[in-house]
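Please examine the model below, for which a short structural report follows. The report begins with a helix, continues with a sheet and a residue within that sheet, and ends with the chain as a whole.

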Amino acid sequence: MAASFKLHRFAAIGVLVAAGAWIATGEFAAVGSEEAAASEPPKAEAGTPAAKPLRTVAAMTPVMTDHARVVRVSGATEADKRAVLAARSNGIVTALGVQEGTAVAADAIVLTLEGADVAAEVATANANLVQRARELDVALKLYETGNSSETQLTSAKAAKSAAEAQLAQAEAAADRLNIRAPFAGLVEKVEVERGEWVQAGTPIATVLALDPIIVRAEVGELDIARIAVGGKATVRLISGAELDGTVRTISNESSAQTRTFAVDVSLPNPDRKIPSGMTAEVSLFTDPVSAVVVPRSVITLSAEGKIGLRVVGADNIARFVATELVDDTAEGLVVAGLPEGVRIITAGQDLVRDGETVTVVDAADQAGGSE
């Protein structure tokens, strides 16, 4: 048994010595060296810098279209005109020609006050004017025949002028007894009753002009420059009705509290079914500009912090282009200001620098290959 142990021990020592001798020859380093050399790229000659591989980016060709940005704001309907009619004289209401909720024509008599004394003054002034006119005719004939002086003729003319002024005053006093509608509309409120005594300045009735009806909205500072008088607008009422309107006025002064500008949109309302004070959503359309829709992920920043896109031209040199954000839609961001003849880098835009030459692959092909 001892002899067997010694034999195995001597065999192990022999294998160890043989392995050491083989390692010492260095031949093991040649195993696979030809295949490794074949798979490695050729080394540059001494003194020649190694060529840096070009970065690969994906790019898309922009499709430019005319895009009109939509500015959506909340608003409310208002009457085109609103007037609170008031008594212009003291007196008792003898006639009330309107009721709440009824239509009234322009210049129609809404209310009449009692005024017998005023009517008498008109009659007296009118008779006086007739008399003074006759006297002037007589004075003129006498003057022409030389039987009257020029002073008497002048006095007769002055008397007639005074009579005319007296009649005008009496007629004005009579006219103040009648309250007329300043425009056609609906009577919103009547605040007096027939037989009631009123003083000058007492509110009589409120008249609203509802055709057209106005929708007033507040537009922010960044969007107001894009809105123009006469521009197209769409209004969705709280009732669900949607109507087309036109921008009628734009305020030139912002609200001190909200820094917004009032914009009035005019809507046709011939049947006066749209009341004043109804909540509405207003869509204001800006002037169309040439723009392109891009994914939100391709927007990048320049070193100066400007928003824009990284693009490549026909020379495959990447550069940054500052763009204007026109709109934010469900399809993506709408941007304008893109120069002609460039492609938009959609992948790798944040890894390249201005002036760097890149290898460009079509973004559509890349998307198809990744599916």
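## Helix α3

In this predicted model, helix α3 covers residues 116-145, which is 30 residues. At 1.5 Å a residue, such a helix should span 44 Å, and the end C-alpha atoms of α3 are indeed 44 Å apart, so the expected and computed spans agree.

Six positions of α3 are buried: Val-118, Val-122, Ala-125, Leu-129, Leu-136 and Ala-139. The cover over the buried residues of α3 includes helix α4, residues 150-175. Just after α3 comes Gly-146, whose phi is positive, at about 85°.

## A four-stranded open sheet

Four strands form an open sheet in the order β2-β15-β20-β19, and their pairing is antiparallel. The edges are held by β2 (65-67) and β19 (324-328); each has a single partner strand, and therefore one side of each is left without a neighbour in the sheet. On average, neighbouring strands of this sheet are turned by 50° against each other, direction ignored.

The edge strand β19 pairs with β20, residues 333-336, in the antiparallel sense, and four bridges connect the two. In one of the residue pairings, Glu-324 has Ala-336 in β20 as its bridge partner. In general, the strands of a sheet pair through backbone hydrogen bonds, in either a parallel or an antiparallel manner.

## His-67 in strand β2

Is His-67, a residue of strand β2, buried or exposed? The relative accessibility of His-67 is 18%; because the limit for a buried residue is under 20%, His-67 counts as buried.

The side chain of His-67 also makes a polar contact, at 3.1 Å, with the side chain of Asp-327. Leaving aside residues up to four places away in sequence, His-67 touches Asp-287, Pro-288, Val-289, Ala-291, Val-326, Asp-327, Thr-329 and Val-334. Among these contacts, Val-326 and Asp-327 lie within the range of β19 (324-328), and Val-334 lies within that of β20 (residues 333-336).

## The chain as a whole

The protein chain contains six helices and 22 strands. It has 371 residues, of which 32% are buried. Its accessible surface comes to about 22,900 Å², and carbon and sulfur atoms account for 54% of that area.

As for contacts along the sequence, those between residues at least 6 apart were considered, and 73% of them join residues at least 24 apart.

Notes
Residues are numbered from 1 along each chain as its sequence is written. This is a predicted model: local features need pLDDT of at least 70, side-chain atom pairs count only at pLDDT 80 or more; totals for chains, interfaces and linings use all residues. Side-chain values use heavy atoms; hydrogens and water are left out. Two strands pair if DSSP finds at least two bridges between them. Axes are lines fitted to C-alpha atoms, for helices over the stretch in contact, and angles run from 0 to 180 degrees between N-to-C directions. The expected span of a helix is 1.5 Å times one less than its number of residues. Buried means under 20% relative accessible area, exposed over 50%, partly exposed in between (1.4 Å probe, protein chains only). Contact means heavy atoms within 4.5 Å. A polar contact is a pair of N or O atoms within 3.5 Å; within protein, one must be able to donate a hydrogen and the other to accept it, and residues adjacent in sequence count only if both atoms are side-chain atoms. Accessible areas come from the Shrake-Rupley method with a 1.4 Å probe; for residues, only the protein chains shown count as cover.
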